[in-house]
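User: I would like to learn how to read a few features of this structure, with the general idea before each case.

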Amino acid sequence: TQEGCCQLVAMLFLTGGLKKASTAMDESGGPSDEKLRQYFKFNIETDTSEVYGEGYRKAAKAYSKIGIEALLSHVVNYQEFPVV
């Protein structure tokens, strides 16, 4: 459950917690900030592991219903995701 919550917070950070992403490649020819964010979000959303992937999907479902504060409070108190 903790890993799923961490993935959820990472996704929230990637989607709205950072300044606007640059679309330009970096000086060394690497991917732009925008492409890196897309890559990391895609990896979080499509992870097939039980702990991280399923954990993220359960956390995201609960977050969409009850919000981050209630979700994290429930996980801290009961060590499991709430039934939503």
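Analyst: We will take the nonpolar core, then an aromatic pair, then a backbone angle. This is a predicted model, in which local features need pLDDT of at least 70 and side-chain atom pairs count only at pLDDT 80 or more, while totals for chains, interfaces and linings use all residues. Residues are numbered from 1 along each chain as its sequence is written, and side-chain values use heavy atoms, with hydrogens and water left out.

User: Which residues make up the largest nonpolar core?

Analyst: In soluble globular proteins, nonpolar side chains tend to be buried together. A nonpolar core is a set of buried Ala, Val, Leu, Ile, Met, Phe, Trp, Tyr and Cys residues joined through side-chain atoms within 4.5 Å, where buried means under 20% relative accessible area, exposed over 50% and partly exposed in between, with a 1.4 Å probe and protein chains only. Here the largest core has eleven residues, among them Cys5, Met11, Ile44, Tyr56 and Phe81, and α3 contributes the most, with five.

User: How is the aromatic pair arranged?

Analyst: Rings of Phe, Tyr and Trp (its six-membered ring) pair if their centres lie within 6.5 Å, and planes under 30 degrees apart count as stacked, over 60 as edge-to-face and the rest as tilted. The structure holds one such pair: Tyr39 and Phe40 are edge-to-face, 5.3 Å centre to centre with 70° between the planes. Tyr39 is partly exposed at 47% relative accessibility, and Phe40 is partly exposed at 42%.

User: What is notable about the phi of Gln79?

Analyst: Most residues other than glycine have a negative phi. Gln79, although not a glycine, has a positive phi of about 60°, and with 49% relative accessibility Gln79 is partly exposed.

Methods. Helices (H or I, at least four residues) and strands (E, at least two) are DSSP runs, numbered from the N terminus.
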